[in-house]
Amino acid sequence: PRYAAASSQSRLTSPASSLARSLATSSSATAARLRGAAPGGKALARAGKHREAMDAAEAAGFSAEVARASASDLLALSDTARFAGRPARAKEALLAMRRRFGARGSSAFLLGKISADQLRSPGEAATWFEIYLQEEPGGPLAEQALGRVLEIRKRDAGAARLVAERYLARYPNGAYAALARSLAVPR
């Protein structure tokens, strides 16, 4: 597994625990967890057949699985659910990871992505991205999180201006700098 039981909280809260690593290993971790869930579950997850792997997890009792899963298993279940297009299940696993294991940082970022990209809930997404920024202000996803907040807030001139100023103060040449400059100017 990606996280040893004794160090699950420190690895989950470390800036080094990047989203890229979790995405790269999600299929194999999910496969390991689903080994006994249903025939072929391991092979399905390993093959990137996330919908079928989720069907196997549902057949085994997804919520019961979440209740007994380790932190790394919860992350793997969340990744598989996201990739399978089941954002509510992904959110369930991430919230359990935060509640039971004190996971911070990247779990908040993932909850923001799920809220913005899959659940189409911009207010909730902005809240999760801001939580990520509070939990890991210098984290590897901080610029992207603040940029996502900027995109969400751009329709509200006052809020957008404040976020744009924050963004430009930290990332004057960042990926969202042009947008931030356009929103930082009073209209």
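Which side chain meets that of Asp55 in a salt bridge? It is the side chain of Arg86, with 2.6 Å from N to O. I should say at once that this is a predicted model, and the values I shall quote are computed from it.

Let me stay with this pair for a moment. Asp55 belongs to helix 4, residues 50–60, whereas Arg86 sits in the loop between helix 6 (71–83) and helix 7 (87–101). The two residues are 31 positions apart, and the bridge thus links distant parts of the chain. Both partners have some access to the surface: Asp55 counts as partly exposed because its relative accessibility is 41%, and Arg86 falls in that class at 24%. As a general point, side chains of opposite charge can pair when their charged atoms come close.

Now to the chain as a whole. Its secondary structure comes to 12 helices and zero strands. Of its 187 residues, 46% count as buried. Among contacts with a separation of 6 or more, 53% are accounted for by residues 24 or more positions apart. The accessible surface comes to about 8600 Å², and carbon and sulfur atoms hold 54% of that area.

I turn next to the interior. The largest nonpolar core contains 45 residues, and Tyr132 and Tyr167 are those with the most contacts inside it. Helix 8, residues 106–118, supplies the largest share of this core, namely six residues. In soluble globular proteins, nonpolar side chains tend to be buried together.

What does Tyr132 contact, once its neighbours within four places in sequence are left aside? Its partners include Ser106, Ala108 and Phe109, which are among the buried residues of helix 8. Gly105 is also in contact with Tyr132, as are Pro137, Gly139, Pro140, Leu141, Ala142 and Ala145.

Helix 8 deserves a closer look. Its 13 residues reach 17 Å from the first C-alpha to the last, close to the 18 Å expected at 1.5 Å a residue. Why can helix 8 be described as largely enclosed by the rest of the structure? The reason is that 10 of its 13 residues are buried, that is, each has under 20% relative accessible area. Among these buried positions are Leu110, Leu111, Gly112 and Ile114. Just after the helix, Arg120 takes a positive phi of about 55 degrees.

Helix 8 also takes part in charge pairing. The side chains of Arg148 and Asp117 meet in a salt bridge of 2.5 Å, N to O. This pair, too, links distant parts of the chain, with Arg148 in helix 10 (residues 142–153), Asp117 in helix 8, and their positions 31 residues apart. Arg148 is buried, with a relative accessible area of 11%, while Asp117 counts as partly exposed at 31%. Through salt bridges that share partners, Lys113, Asp117, Arg148 and Glu151 are joined into one network.

A local example completes the account. Glu65 and Arg68 form a salt bridge through their side chains, at 3.1 Å from N to O. These two residues are separated by about one helical turn, because they lie three residues apart in helix 5, residues 62–68. Glu65 counts as buried, at 8% relative accessibility. The total for the model is 12 salt bridges.

To close, I return to helix 8: it gives the largest nonpolar core its largest share of residues, and its Asp117 is bridged to Arg148 of helix 10.

Note on methods. Residues are numbered from 1 along each chain as its sequence is written. This is a predicted model: local features need pLDDT of at least 70, side-chain atom pairs count only at pLDDT 80 or more; totals for chains, interfaces and linings use all residues. Side-chain values use heavy atoms; hydrogens and water are left out. A nonpolar core is a set of buried Ala, Val, Leu, Ile, Met, Phe, Trp, Tyr and Cys residues joined through side-chain atoms within 4.5 Å. Buried means under 20% relative accessible area, exposed over 50%, partly exposed in between (1.4 Å probe, protein chains only). Helices (H or I, at least four residues) and strands (E, at least two) are DSSP runs, numbered from the N terminus. Contact means heavy atoms within 4.5 Å. The expected span of a helix is 1.5 Å times one less than its number of residues. A salt bridge is a side-chain nitrogen of Lys or Arg within 4 Å of a carboxyl oxygen of Asp or Glu. Accessible areas come from the Shrake-Rupley method with a 1.4 Å probe; for residues, only the protein chains shown count as cover.
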